Amino acid sequence: MKEQLQALEKEALQKVDDATSLKELQDVRVAYLGKKGPITEVLRGMGKLSKEERPVIGELANKVRGNIADAIDSKKASIEAAELEKQLEEETIDVTLPGRPVPTGGPHLLTSIVEEIEDLFIGMGFEVREGPEVETDYYNFEALNLPKGHPARDMQDSFYITEEILMRTHTSPVQARTMNALEDKRPVKMICPGKVYRRDTDDATHSHQFTQIEGLYVDKNVRMSDLKGVLDRFAKQMFGQGREIRLRPSFFPFTEPSVEMDISCKVCNGEGCSVCKQTGWIEILGAGMVHPRVLEMAGYDPKVYSGFAFGMGPERIAMLKYGVDDIRHFYTNDIRFLKQYHQA
Ligand code: 2NL
């Protein structure tokens with residue numbers, strides 16, 4: 001019986017040693033230490049033994065049982081440790097692998113241009129102001145020296161909501177409103193970016209809705225040379241330090257005198273080419289000294305105050321700066337167009 005127990009122990013320990021999974025190990029435990037296992041069998045048969053043999057075999061059986069149980073426990077711990085190790089290894093993240101790029105959006109070209117222009121004028125002390133796109137006839141026209149029946153209203157034919165309410169045709173009403181609202185009639189130095197509307201047929205250079213940025217500087221002793229200095233700085237910062245500006249006489253109902261500003265053509269450096277239609281110059285914006293009647297209507301005494309104003313189309317600025325050939329590209333939002341202007 002002693003030999004039988006020793007053989008069982010040897011056999012069981014070998015099986016424990018050979019087990020490679022927790023399942024196999026559990027099978028060994030059931031097979032050798034279970035209620036129907038061989039050791040239980042031996043202990044059950046002890047009744048047949050002599051008085052002297054009983055304690056000896058009993059002790060040995062318990063020892064064998066203990067040894068097998070210990071071996072199973074220690075094997076179990078080592079299998080569990082190995083499994084954890086394997087899992088940790090499989091689940092590690094290799095942070096040195098190249099990352100997967102996530103597609104990101106960015107500002108629309110028109111937004112970038114408007115913000116760039118805003119920044120340049122903020123740098124010269126201008127405030128940025130916005131106002132309503134639905135306007136009254138008074139602020140859109142009358143306050144800007146365009147009385148009812150004025151022929152220049154035809155150039156800015158708009159979308160009317162009622163006889164007296166319309167979609168604004170320029171951002172000037174924001175400036176007229178601002179001047180009007182200032183009780184103390186202090187100096188004004190502002191730019192107004194925003195959407196404007198005209199009843200136009202859309203083509204490569206016209207759109208019924210487009211963007212405008214207007215500027216206004218009203219103070220004592222504001223002169224034409226101030227206008228020229230500010231616009232020259234703007235042109236050089238926007239298009240390059242090598243650009244020259246030129247002012248040509250023009251007409252706007254809200255300014256007197258009025259001018260149009262050109263910059264020297266970057267492509268031919270003023271020599272004349274197809275971009276500047278052989279003139280060496282490219283038209284950028286309109287400007288002038290604020291008409292005394294406009295100042296007066298806004299509550300500023302034109303004998304004390306003077307001012308300059310200008311207006312430009314950011315679409316046109318962007319088209320010239322980046323060679324965009326159709327204004328409709330700004331509104332159709334083809335991602336292939338927009339993607340080209342995403343700054344890194
Ligand atoms: C253009 C020309 C211009 C103004 C806008 C203005 C505003 C006030 C008073 C006087 Cl409140 N003038 N704005 C002046 C001259 C020209 O815009 O070609 N824009 C695209």
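In the predicted model, the ligand is surrounded by 14 residues, of which Gln212, Glu214, Gly286, Ala309 and Gly311 are the closest. By residue class, this shell consists of seven nonpolar, six polar and one charged residue.

Polar contacts to nitrogen atoms of the ligand involve both side chains and backbone. A polar side-chain atom of Glu214 is placed 2.6 Å from a ligand nitrogen. The side chain of Gln212 contributes an N or O atom at 3.4 Å from a nitrogen atom of the ligand. In the case of Gly311, the partner is a polar backbone atom, with a distance of 3.3 Å to a ligand nitrogen. The ligand taken alone exposes 490 Å², and 88% of that area is buried by the protein. Two or more residues of the surrounding shell are supplied by each of the elements α7 (172-181), β5 (209-219), β8 (281-290) and β9 (306-312). Strand β9 provides the largest share, with four residues.

Apart from the ligand site, a nonpolar patch occurs on the surface. Val134, Ile161 and Ile165 make up this patch, the area of which is about 240 Å². Ile161 is located in the loop that runs between α6 (137-140) and β3 (165-167).

The loop between α6 and β3 also contains Asn145. The backbone of Asn145 adopts a positive phi, near 65°, in a residue other than glycine. With a relative accessibility of 11%, Asn145 falls under the 20% limit and is therefore classed as buried.

A positive phi is likewise found at Asn269, where the value is about 55° although the residue is not a glycine. Asn269 is situated in the loop between β7 and β8. The relative accessibility of Asn269 is 56%, which is over the 50% limit, so this residue counts as exposed. The two asparagines thus carry opposite assignments: Asn145 is buried, whereas Asn269 is exposed.

The backbone also includes a cis peptide bond, which links Glu256 to Pro257 and has an omega of about 0°. Pro257 belongs to strand β7, which comprises residues 255-264. Strand β7 is also one of the two elements that flank the loop holding Asn269; the other, β8, is among the elements that give two or more residues to the shell around the ligand.

Terms used: Residues numbered from 1 in each chain as written. Predicted model: local features only at pLDDT ≥ 70, side-chain atom pairs only at ≥ 80, totals over all residues. Heavy atoms only, no water. Near = heavy atom within 4 Å. Polar contact = N/O pair within 3.5 Å; in protein donor to acceptor, adjacent residues only side chain to side chain. Areas by Shrake-Rupley, 256 points an atom, 1.4 Å probe, with all protein chains shown as cover. Nonpolar A, V, L, I, M, F, W, Y, C, P; charged D, E, K, R; others polar. Patch = residues over 30% accessible without salt bridge, like charges linked within 9 Å, V, L, I, M, F, W, Y side chains within 5 Å. Salt bridge = Lys/Arg side-chain N within 4 Å of Asp/Glu carboxyl O. Buried < 20%, exposed > 50% of the residue type's maximum accessible area, 1.4 Å probe, protein only.
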